[in-house]
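Hi everyone, thanks for coming. Let me put the structure up, and then I'll walk you through a few spots in it.

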Amino acid sequence: MTDTVDKIPAPTVPPEQIKAIPVRHYGRWVAGVLVVAVVVLIGIAFSNAKINYSVIPDYLTDGTILSGAWHTLYISVLAMVLGLALGIVLAVMRMSSNPVTSTVSWFYIWFFRGTPVLVQLLLWYNIALVFPILNLGFYKDEMNQVMTPFLTALLGLGLNEAAYMAEIVRAGIQSVDEGQTEASHALGMTQGQTLRRVILPQAMRVIVPPTGNEFINMLKTSSLAYAVQFNELIKRSTDISSTSLAVVEMYFVASIWYLILTTIFSIFQYYIERRYARGSTRNLPPTPLQRLRKNLRLFGSFRRPEVAR
């Protein structure tokens, strides 16, 4: 007969508390101090510069400047619409199996992407030297009367933008899986119906972000229309500076208006991208207000972390 001895378990010792030691990022503090120092030096330099800052707020709402800002926005929108419409056509031509249309599209894109916008504007502005009379059969007039500064700026900016938009649209179309095209053809859709109803709606996720960037770039590129006497923002600013002698001040005024326009359309672009991202991502990117709240919370959380238990 064996005696059964109950084994009493040894008392468990609680684990020692873990102390979280924060990592010190000294490089970040050094970089931050250097950046602040550079910003302060730049601010001191501009504060001591011979610039009459008091006249800048007065000219921001001047009628001439407002007219120039409106013309900048007006020509940018029209040129972008022209570039987008023609870019879609060129993209379809470039992807066509027809060697004639694909070659013509390739040559167009090669030429307009390979020459500066300013040169193209000047060529349109001086086209009367080559073709003095415009004769379309049903319409005939002197080229100087037809090629106004507005039309010159529209053609120069819009046709150049079409070359870039053609590549953007082509990349968007090629991003859609070929099975989508095969499935739509199996359902009896034509090539045009497939492009409108299946391919382009899905390609918008790829097309929209660079298109927004192109429009913001167009707002700034439109300043080159000053060379063809179009009354955009830079032209209006220089007209005022030639009489008031506030040259640098007017450049500041023009820069502020460009910043206002680009900021507004950057916000629009962000929300459009966020809308088209709904079908490709589960978690939508945060809005600017959400990012601001998050950054404020992170800024206020620079404290010693609590002891982990």
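Before any names, one bit of vocabulary: helices here are DSSP runs of H or I with at least four residues, strands are runs of E with at least two, and both are numbered from the N terminus. Also, what you see is a predicted model, where local features need pLDDT of at least 70 and side-chain atom pairs count only at pLDDT 80 or more, while totals for chains, interfaces and linings use all residues. Residues are numbered from 1 along each chain as its sequence is written, and side-chain values use heavy atoms, with hydrogens and water left out.

Okay, the overview. The protein has twelve helices and two strands. Going along the sequence, the order is α-α-α-α-α-β-β-α-α-α-α-α-α-α. Let's say contact means heavy atoms within 4.5 Å. Among the protein's contacts with a separation of 6 or more, 71% are between residues 24 or more positions apart.

Now, buried or exposed? Buried means under 20% relative accessible area, exposed is over 50%, and partly exposed is in between, using a 1.4 Å probe and protein chains only. Out of 309 residues, 29% count as buried.

Let's look at one residue of each kind. T211 sits in helix α9, residues 191-221. T211 counts as buried because its relative accessible area is 16%. And what does T211 touch, leaving aside neighbours within four places in sequence? That would be M80, M165 and I168.

Q145 is in helix α6, residues 143-146. With a relative accessible area of 53%, Q145 is exposed. Its C-alpha atom is 9.4 Å from that of A128, and the two residues are 17 apart along the chain.

F268 belongs to helix α11, which covers residues 247-276. At 46% relative accessible area, F268 is partly exposed. Together with I260, I264, I272 and Y276, F268 makes a nonpolar surface patch of about 420 Å². For a patch like that, residues need over 30% relative accessible area and no salt bridge (a side-chain nitrogen of Lys or Arg within 4 Å of a carboxyl oxygen of Asp or Glu), and nonpolar side chains, meaning Val, Leu, Ile, Met, Phe, Trp or Tyr, are joined within 5 Å.

Last stop, helix α8, residues 178-186. At its start, a side-chain oxygen of D177 comes within 2.7 Å of the backbone nitrogen of G179. Just past α8, G188 has a positive phi of about 95°.

That's my tour, thanks.

How values were computed: Polar contact = N/O pair within 3.5 Å; in protein donor to acceptor, adjacent residues only side chain to side chain. Patch = residues over 30% accessible without salt bridge, like charges linked within 9 Å, V, L, I, M, F, W, Y side chains within 5 Å. Areas by Shrake-Rupley, 256 points an atom, 1.4 Å probe, with all protein chains shown as cover.
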